[in-house]
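Colleague: I have a few questions about this protein, and I would be glad if you could take me through them one at a time.

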Amino acid sequence: MDNKALRGMGKNLNRLRMAMGLTQEKLAEKSDISLRYVQQLEAGQRNPSIATLVNLRRALSCDFNDLFKGL
């Protein structure tokens with residue numbers, strides 16, 4: 001993904017997390033990834049694997065379309 005897409009996905013991730021009332025720490029716990037990794041994803045600094053995206057989708061009870069909206 002390019003930087004613009006990563007930043008957009010990070011914004012979507014942040015929006016979805018906030019809508020669920022989760023802290024970054026709680027999302028990290030629910031999705032079985034580190035807090036630092038969640039922070040880097042939301043900042044658009046990391047390119048997540050498919051496995052990570054699946055874990056995030058499950059933790060946020062959303063569709064993949066929600067994660068990639070507007071990209």
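Colleague: How far apart are the mean positions of the positive and negative charges of the protein?

Modeller: Please keep in mind that this is a predicted model. The protein carries 12 positive and 7 negative charges, and a mean position is taken for each of the two groups. The distance between these two mean positions is 5 Å.

Colleague: Which pattern does the protein follow when it is read along the sequence?

Modeller: The protein has zero strands, and its helices number five. Read from one end of the sequence to the other, the pattern is therefore made of helices, with no strand to place among them. Written out, it is α-α-α-α-α.

Colleague: How compact is the protein for a chain of 71 residues?

Modeller: For 71 residues the globule rule gives 11 Å, and the radius of gyration of the protein, 11 Å, is close to that value. The protein is therefore as compact as a globular protein of that length.

Colleague: Which helix gives the most to the largest nonpolar core?

Modeller: The largest nonpolar core has 16 residues, and Leu-13, Leu-41 and Leu-56 are among those with the most contacts inside it. At least two residues of this core come from each of α1 (3-19), α2 (24-31), α3 (35-42) and α4 (50-60). The helix that gives the most, with four residues, is α4.

Colleague: What share of the residues of the protein counts as buried?

Modeller: A residue counts as buried when its relative accessible area is under 20%. Of the 71 residues of the protein, the share that meets this cut-off is 41%.

Technical notes
Residues are numbered from 1 along each chain as its sequence is written. This is a predicted model: local features need pLDDT of at least 70, side-chain atom pairs count only at pLDDT 80 or more; totals for chains, interfaces and linings use all residues. Side-chain values use heavy atoms; hydrogens and water are left out. The radius of gyration is taken over C-alpha atoms; the globule rule is 2.2 Å times the number of residues to the power 0.38. Buried means under 20% relative accessible area, exposed over 50%, partly exposed in between (1.4 Å probe, protein chains only). Lys and Arg count as positive and Asp and Glu as negative; His and the chain ends are not counted. The place of a charge is taken as NZ of Lys, CZ of Arg, CG of Asp or CD of Glu. A nonpolar core is a set of buried Ala, Val, Leu, Ile, Met, Phe, Trp, Tyr and Cys residues joined through side-chain atoms within 4.5 Å.
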